Amino acid sequence: MHTYTGPTYEMAIKQFDIAADYLNLNQEARERVRVPKRAMIVSVPTRMDDGRVVMFAGFRVQHNLSLGPCKGGLRYSPDVDLGEVAALAMWMSWKCALVGLPYGGAKGGICCDPSTMSRGEVERMTRRFTQEIVPMIGPEIDIMAPDMGTNEQTMAWIMDTYSMQVGHTVPGIVTGKPVTIGGSLGRVEATGRGVFYCVQEALQLLDIPIEGLRIAVQGFGNVGGTCAALFHAAGAKVIAVSDVRSGVVHHDGLDVYELRRHVEKTGVVAGFDQADPISNEELLTLECDVLVPAAIERQITEANAGKLRCRILAEGANGPTTPEADAIINENGIFIIPDVLCNAGGVIVSYFEWVQDLQNYFWTESEVNSRLRDIITRAFQAVYQLHTREHISMRLAALAVGVRKVAEAKTLRGLFP
């Protein structure tokens with residue numbers, strides 16, 4: 001099928017094919033698992049503040065429904081297209097299966113630049129998009145969550161719009177929403193916390209102390225900012241961070257709390273007077289113990305993979321490393337914690353939020369964090385054991401666990417005539 005195209009989608013397919021070859025999946029299973037179940041492309045007419053109507057393109061892709069309802073984020077970005085969304089939905093399928101959640105993968109997006117839009121424009125666009133895809137979503141069909149360019153306020157608008165359609169409040173239609181209207185404690189920090197827990201597991205296996213550990217984080221948003229703060233609090237040295245525009249470095253360790261206050265005031269990491277400037281490209285090749293790419297896809301490629309000087313690569317972003325780069329990194333002995341495992345904390349706590357909404361019974365933050373740690377560390381150990389037993393890469397081990405579960409579910413449920 002040539003419906004889905006683009007470098008990110010081709011990368012996801014290449015990863016799948018490697019896992020399918022390892023698992024010896026038959027041709028029928030390969031075809032049914034690799035192609036998304038369904039996709040919707042919608043026009044999103046939006047009234048701008050100056051009276052103009054702008055047509056935005058919106059997408060929602062549901063990759064797999066064999067294990068349960070679909071689950072996946074919604075991103076607002078000028079670079080969103082159908083291929084990227086399909087790739088992200090596919091990765092979400094493997095991620096949910098890997099950590100044992102009763103979900104299939106989905107993803108959505110609107111091709112826009114929210115940084116150039118007013119709050120009212122973003123709200124009107126969000127509500128119209130929700131209205132357009134109402135037939136495709138629901139708490140037992142497809143549950144959205146925040147992603148790049150969206151946040152808990154976006155989820156609140158979606159929840160309200162969907163609830164108005166059905167005539168009653170439906171908190172389970174989205175996760176990552178404000179706690180006041182059914183969100184879960186610990187959800188905002190969940191992805192970054194999951195990265196931190198995975199790195200802790202790796203450090204124990206490699207017998208590396210966390211005290212004085214040198215950390216470099218690409219991306220200082222929700223994920224990167226949270227894990228940087230957690231490493232800082234645990235006694236590690238966060239020596240460099242970056243955002244989409246700039247980066248800062250201090251080899252004796254940044255004061256992450258002061259940097260966060262600076263970003264809250266200015267909106268960027270640039271200009272932080274306790275550090276020197278550094279580019280995103282330079283950050284990736286810094287000598288450090290742990291490198292956390294927590295920005296966007298395809299940041300580590302064949303061109304720069306050989307220049308990495310970290311001991312552990314902890315993928316906080318989706319798809320930050322290309323398959324060509326993987327081969328180089330593995331040859332150089334860098335320990336990879338692959339994205340479908342490393343950043344699974346967000347969907348794990350999204351699952352917790354969904355369960356709490358369905359039961360109308362809510363947990364304490366310590367309960368949420370404890371259950372998150374239990375699930376993600378069990379998944380880490382399962383991947384690591386397969387990695388060591390079969391002498392395969394950590395990425396292939398993680399993908400193999402996820403793909404196998406999805407393929408088995410497809411086979412067991414059969415093909416409806």
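A residue counts as buried when its relative accessible area is under 20%, and as exposed when that area is over 50%. The exercises below concern a predicted model.

**Exercise 1. Determine which residues of helix α1 are buried, and what covers them.**

Solution.
- Step 1. Helix α1 comprises residues 7-23, 17 residues in total, and reaches 24 Å from its first C-alpha to its last, close to the 24 Å expected at 1.5 Å a residue.
- Step 2. Applying the cut-off for burial, one finds T8, Y9, M11, A12, I13, Q15, F16, A19, A20 and L23 buried in α1.
- Step 3. The cover over these buried residues includes α2 (27-34), α3, α10 (323-331) and α14.
- Step 4. Just after the helix, N24 takes a positive phi of about 55°.

**Exercise 2. Describe how helices α3 and α14 pack, and state which residues make the contact.**

Solution.
- Step 1. Two packed helices are described by the angle between their axes and the distance between the axes.
- Step 2. For α3 (residues 82-99) and α14 (residues 394-413), the angle is about 90° and the axes lie 8 Å apart.
- Step 3. Angles of 65 to 115 degrees count as roughly perpendicular, so α3 is roughly perpendicular to α14.
- Step 4. On the α3 side the contact is made by S93, W94, A97 and L98; on the α14 side, by A398, L399, V401, G402, V403, K405 and V406.
- Step 5. Sorted by class, this contact has 8 nonpolar, 2 polar and 1 charged residues.

**Exercise 3. Establish whether the faces of strand β10 are covered or open, and identify the strands that pair with β10.**

Solution.
- Step 1. In a regular strand the side chains alternate between the two faces of the sheet.
- Step 2. In β10 (residues 290-293), V290 and V292 lie on one side and L291 and P293 on the other; all are buried, and both faces are covered.
- Step 3. Strand β6 (residues 214-218) pairs with β10 in the parallel sense over 4 bridges, and L291 of β10 is the bridge partner of A216.
- Step 4. Strand β11 (residues 312-314) also pairs with β10 in the parallel sense, over 2 bridges; here V290 stands opposite I312.

**Exercise 4. Check the span of helix α7 against the expected value and list its buried residues.**

Solution.
- Step 1. Helix α7 (residues 222-233) has 12 residues, which should span 16 Å at 1.5 Å a residue; the end C-alpha atoms are 17 Å apart, in agreement.
- Step 2. The helix is mostly covered, with 9 of its 12 residues buried: V223, G224, G225, T226, C227, A228, A229, L230 and F231.
- Step 3. These buried residues pack against α6 (190-206), β6, β7 (237-242), α8 (256-266) and β10.
- Step 4. G235 follows α7 and has a positive phi, near 100°.

**Exercise 5. Locate N360, H391 and I376, and classify each as buried or exposed.**

Solution.
- Step 1. N360 is in the loop between α12 (345-359) and α13 (365-390); because its relative accessible area is 62%, N360 is exposed.
- Step 2. H391 lies in the loop between α13 and α14 and, with a relative accessible area of 73%, is exposed.
- Step 3. N360 has a positive phi of about 55° although it is not a glycine, and H391 likewise has a positive phi of about 55° without being a glycine.
- Step 4. I376 lies in helix α13 and counts as buried, because its relative accessibility is 0%.
- Step 5. Leaving aside neighbours within four places in sequence, I376 is in contact with G194, Y197, C198, L341, C342, A344, G345 and I348.

Conventions:
Residues are numbered from 1 along each chain as its sequence is written. This is a predicted model: local features need pLDDT of at least 70, side-chain atom pairs count only at pLDDT 80 or more; totals for chains, interfaces and linings use all residues. Side-chain values use heavy atoms; hydrogens and water are left out. Axes are lines fitted to C-alpha atoms, for helices over the stretch in contact, and angles run from 0 to 180 degrees between N-to-C directions. Angles under 35 degrees count as roughly parallel, over 145 as roughly antiparallel, 65 to 115 as roughly perpendicular and the rest as oblique. Contact means heavy atoms within 4.5 Å. Ala, Val, Leu, Ile, Met, Phe, Trp, Tyr, Cys and Pro count as nonpolar, Asp, Glu, Lys and Arg as charged, and the others, Gly among them, as polar. Buried means under 20% relative accessible area, exposed over 50%, partly exposed in between (1.4 Å probe, protein chains only). Two strands pair if DSSP finds at least two bridges between them. The expected span of a helix is 1.5 Å times one less than its number of residues.
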